[in-house]
Amino acid sequence: MHSVLESDLQPRAVQWLQCAKNLVREAADTRVRSEYASLARGLPALLHQSGLFQTIAYLESRSRRASNNPTAHGLVLAHLASLLSPFTGMKELKTDELTQMKLHEYLVVSRLSLEAASWLKRMVEIQFGDEEEPHA
């Protein structure tokens, strides 16, 4: 575990690289691996096209399941929040919290989310390669 002082000395890109690498490794061991990979690959485009609030609302709506098994959408949402947490102080990304933000805070979180999503996408492409499961 890194201390706060260590993480402050590292550039943000290095912190995201290490964190995204570990998070994607965690996702590789789940049964939602393929769906997670597909979502992570499309997350930067989704954020760019739909915006932060709509993207988070979409992921939130799909992360609820009757069983306690994690969904790929919930995992992507949790991983995005984990990447952003050291920079935003938000432990979770929720639409309720986004609506309480001031405009400049929302813009900063939006920009950081796009950057963090790009790191998740890169790590998925590195660790999972081009493997795609055929669509039903």
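The following questions and answers explain how some descriptions of this predicted model are reached.

User: What makes up the protein in terms of helices and strands?
Analyst: The protein has 7 helices and 0 strands. Read from the N terminus, the order of elements is α-α-α-α-α-α-α.

User: Why is T55 called buried?
Analyst: Buried means a relative accessible area under 20%. T55 has 1% relative accessibility, so T55 counts as buried. T55 sits in helix α4. Apart from residues up to four places away in sequence, T55 touches L43, L46, L47 and S50.

User: How do you know which helix those partners of T55 belong to?
Analyst: L43, L46, L47 and S50 are among the α3 residues that meet α4. L39 of α3 also takes part, and the α4 side consists of L52, Q54, T55, Y58 and L59.

User: What makes α3 oblique to α4?
Analyst: The two axes come within 7 Å and cross at roughly 140°. An angle over 145 degrees would count as roughly antiparallel, and 65 to 115 as roughly perpendicular. The crossing angle falls in neither range, and therefore α3 is oblique to α4. Sorted by class, the contact between them has 7 nonpolar, 3 polar and no charged residues.

User: Is G42 buried, exposed or partly exposed, and what is the reason?
Analyst: Partly exposed is the class between buried, under 20%, and exposed, over 50%. G42 has 31% relative accessibility, so G42 counts as partly exposed. G42 is placed in helix α3.

User: How far is G42 from S118 along the chain and in space?
Analyst: Along the chain, G42 and S118 are 76 residues apart, and their C-alpha atoms are separated by 9.4 Å.

User: Why does E60 count as buried?
Analyst: The cut-off for buried is under 20%. E60 is at 13% relative accessibility, and therefore E60 counts as buried. E60 is in helix α4. With neighbours within four places in sequence left aside, E60 is in contact with L77, L93, K94 and T95.

User: How do you know whether L93 is buried or exposed?
Analyst: Exposed would need over 50% relative accessible area, and buried needs under 20%. The value for L93 is 4%, so L93 is buried. L93 lies in the loop between α5 and α6 (95-100).

User: Which residues are in contact with L93, leaving aside its neighbours within four places in sequence?
Analyst: The contacts of L93 are I56, E60, L77, L80, A81, L84 and V109. As for E60, it is 33 residues from L93 in sequence and 9.0 Å from L93 in space, C-alpha to C-alpha.

User: What is the largest nonpolar core, and which helices supply it?
Analyst: The largest nonpolar core has 37 residues, and those with the most contacts inside it are Y36, L43, L80, L93 and L98. At least two core residues come from each of α2 (12-28), α3 (33-50), α4 (52-62), α5 (72-88) and α7 (103-128). The largest share, 10 residues, is from α7. In soluble globular proteins, nonpolar side chains tend to be buried together.

User: How much of the protein is buried, and how much accessible surface belongs to carbon and sulfur atoms?
Analyst: Buried residues make up 35% of the 136 residues. The accessible surface comes to about 8,300 Å², and 53% of that belongs to carbon and sulfur atoms.

User: What share of contacts joins residues 24 or more positions apart?
Analyst: Counting contacts with a separation of 6 or more, 74% are between residues 24 or more positions apart.

Terms used. Residues are numbered from 1 along each chain as its sequence is written. This is a predicted model: local features need pLDDT of at least 70, side-chain atom pairs count only at pLDDT 80 or more; totals for chains, interfaces and linings use all residues. Side-chain values use heavy atoms; hydrogens and water are left out. A nonpolar core is a set of buried Ala, Val, Leu, Ile, Met, Phe, Trp, Tyr and Cys residues joined through side-chain atoms within 4.5 Å. Buried means under 20% relative accessible area, exposed over 50%, partly exposed in between (1.4 Å probe, protein chains only). Helices (H or I, at least four residues) and strands (E, at least two) are DSSP runs, numbered from the N terminus. Axes are lines fitted to C-alpha atoms, for helices over the stretch in contact, and angles run from 0 to 180 degrees between N-to-C directions. Angles under 35 degrees count as roughly parallel, over 145 as roughly antiparallel, 65 to 115 as roughly perpendicular and the rest as oblique. Contact means heavy atoms within 4.5 Å. Ala, Val, Leu, Ile, Met, Phe, Trp, Tyr, Cys and Pro count as nonpolar, Asp, Glu, Lys and Arg as charged, and the others, Gly among them, as polar. Accessible areas come from the Shrake-Rupley method with a 1.4 Å probe; for residues, only the protein chains shown count as cover.
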